[in-house]
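The questions below ask what lies behind some of the labels attached to this structure. Each answer sets a value against its cut-off and then concludes.

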Amino acid sequence: MKKSMILFAGLLLPVMGWAAGGAIYPDDDISIDWSDKAAMQRGAQLFTNYCLSCHSAQYSRYNRVGKDLGISDDLMKENLIFTTNELGEQSKVGSLMTVTMNQEYGEKSFGTAPPDLSLVARSRGTHWLYNYLRGFYLDDARPFGVNNGVFPNVGMPHVLAELEGLKKAVKEEVEDSHGNKHEVITGFEQVSEGSMTPEQYDQAVKDLVAFLDYLAEPYKQTRKNVGTGVLIFLLVLLILAYLLKKEYWKDVH
Ligand code: HEC
């Protein structure tokens, strides 16, 4: 009895944490299509262009990503590798996706060092990431002039602003159940245009999140295929075993 109550409380905790976390804006759903390699390739390109300067993906190698997503070594070298080794030469396709910025410099510049993003799709989830990357808005009070509706007072600048343009937040004052008033974001207003339309930007972020999801679990696709294969094999075995049983017992009755 006691055990089951502890279990119940344990199951409830994440839900309560989520409820206490408060509202985030934006809060749109996303689903990742794991068979869409083209989307993940586009995401990889965005990642190496816009993120890998600060964040590493230190458990992945360029050529492994290339192999999984169908990008040749040559294309990889030409379009996706912008990092260099200690000698200043372009990183090899077999090297890890690390960055040269050190922890200390990162902390000094941004307040918090940019974390490694290898597993972020698992720790934060794809829903969170999709909204976080679409959640930057203008805020003069912040060091880089932007804040975020999903990660308030984040230390990261809006690195995709040239694509998305800049938005300002529309806020409303609400009263919570304790009678305290506070402001929540209820919408965004475009202030300046980027090179993409809002729909194109949403798609680009979706591609990027698909890539991050792949990065966090490169074996997901293989695992699913193996699972299906095993189930089909067991089914065939079941039919064969049944037929064999019928054959053996035919003369007994
Ligand atoms: C100029 C450096 C810089 C670039 C470029 C950059 N980031 Fe960041 N990012 C940061 C910093 C600094 C933080 C830590 C912010 C904090 O904790 O306040 C961060 C935090 C994050 C987080 C939150 C991690 C967590 O779980 O707390 C995610 C996700 C993220 N970045 C994704 C991206 C993506 C995707 C890109 C590319 C589009 C990108 N970043 C480009 C500096 C950068």
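Q: Which protein atoms are the donors of the iron atom of the ligand?
A: In this predicted model, the protein donors are NE2 of His 55 and SD of Met 156. They lie 1.9 to 2.1 Å from the iron atom. Donors are N, O or S atoms within 2.8 Å of the metal, so both atoms qualify.

Q: What makes the arrangement around the iron atom of the ligand octahedral?
A: There are six donor atoms, and the angles they subtend run from 87 to 178°. For six donors, the label requires opposite donors over 155 degrees apart and all others between 65 and 115. The arrangement around the iron atom is therefore called octahedral.

Q: Why can His 55 and Met 156 be said to tie together parts that are apart in sequence?
A: His 55 sits in the loop between helix 2 (37–50) and strand 1 (57–61). Met 156 belongs to the loop between strand 4 (146–148) and helix 8 (161–164). The parts they tie together are 101 residues apart in sequence.

Q: Why do His 55 and Met 156 count as buried or exposed?
A: Buried means under 20% relative accessible area. His 55 has 11% and Met 156 has 18%, so both are buried.

Q: How do you know that His 55 and Arg 124 make polar contacts with the ligand?
A: The cut-off for a pair of N or O atoms is 3.5 Å. A polar side-chain atom of His 55 is 2.7 Å from a nitrogen atom of the ligand. For Arg 124, a polar side-chain atom lies 2.8 Å from a ligand oxygen atom. The backbone also takes part: a polar backbone atom of Gly 155 is 2.8 Å from an oxygen atom of the ligand.

Q: What is the make-up of the shell around the ligand by class?
A: The shell has 18 nonpolar, four polar and one charged residues. Of the 23 residues around the ligand, those that come nearest are Cys 51, Cys 54, His 55, Arg 124 and Met 156.

Q: Why are Cys 51 and Cys 54 given their labels, buried or partly exposed?
A: Cys 51 has 12% relative accessibility, under the 20% limit, so Cys 51 is buried. Cys 54 has 25%, which falls between 20% and 50%, so Cys 54 is partly exposed.

Q: How many disulfides does the structure hold?
A: Zero. To count, a pair of cysteine sulfur atoms would have to lie within 2.5 Å.

Q: What makes the peptide bond from Tyr 25 to Pro 26 cis?
A: Its omega is near 0°. Pro 26 is in the loop between helix 1 (2–20) and helix 2.

Q: Why does Trp 34 count as buried or exposed?
A: Trp 34 lies in the loop between helix 1 and helix 2. Its relative accessibility is 10%, under 20%, so Trp 34 is buried. The C-alpha atoms of Trp 34 and Asp 213 are 9.1 Å apart, although 179 residues separate them along the chain.

Terms used
Residues are numbered from 1 along each chain as its sequence is written. This is a predicted model: local features need pLDDT of at least 70, side-chain atom pairs count only at pLDDT 80 or more; totals for chains, interfaces and linings use all residues. Side-chain values use heavy atoms; hydrogens and water are left out. A residue is near a molecule or strand if one of its heavy atoms lies within 4 Å of it. A polar contact is a pair of N or O atoms within 3.5 Å; within protein, one must be able to donate a hydrogen and the other to accept it, and residues adjacent in sequence count only if both atoms are side-chain atoms. Ala, Val, Leu, Ile, Met, Phe, Trp, Tyr, Cys and Pro count as nonpolar, Asp, Glu, Lys and Arg as charged, and the others, Gly among them, as polar. Donors are N, O and S atoms within 2.8 Å of the metal (3.2 Å for Na, K and Ca); water is not among the atoms, so sites may look incomplete. Four donors count as tetrahedral if all angles lie between 85 and 135 degrees; four count as square planar and six as octahedral if opposite donors are over 155 degrees apart and all others between 65 and 115; anything else is irregular. Helices (H or I, at least four residues) and strands (E, at least two) are DSSP runs, numbered from the N terminus. Buried means under 20% relative accessible area, exposed over 50%, partly exposed in between (1.4 Å probe, protein chains only).
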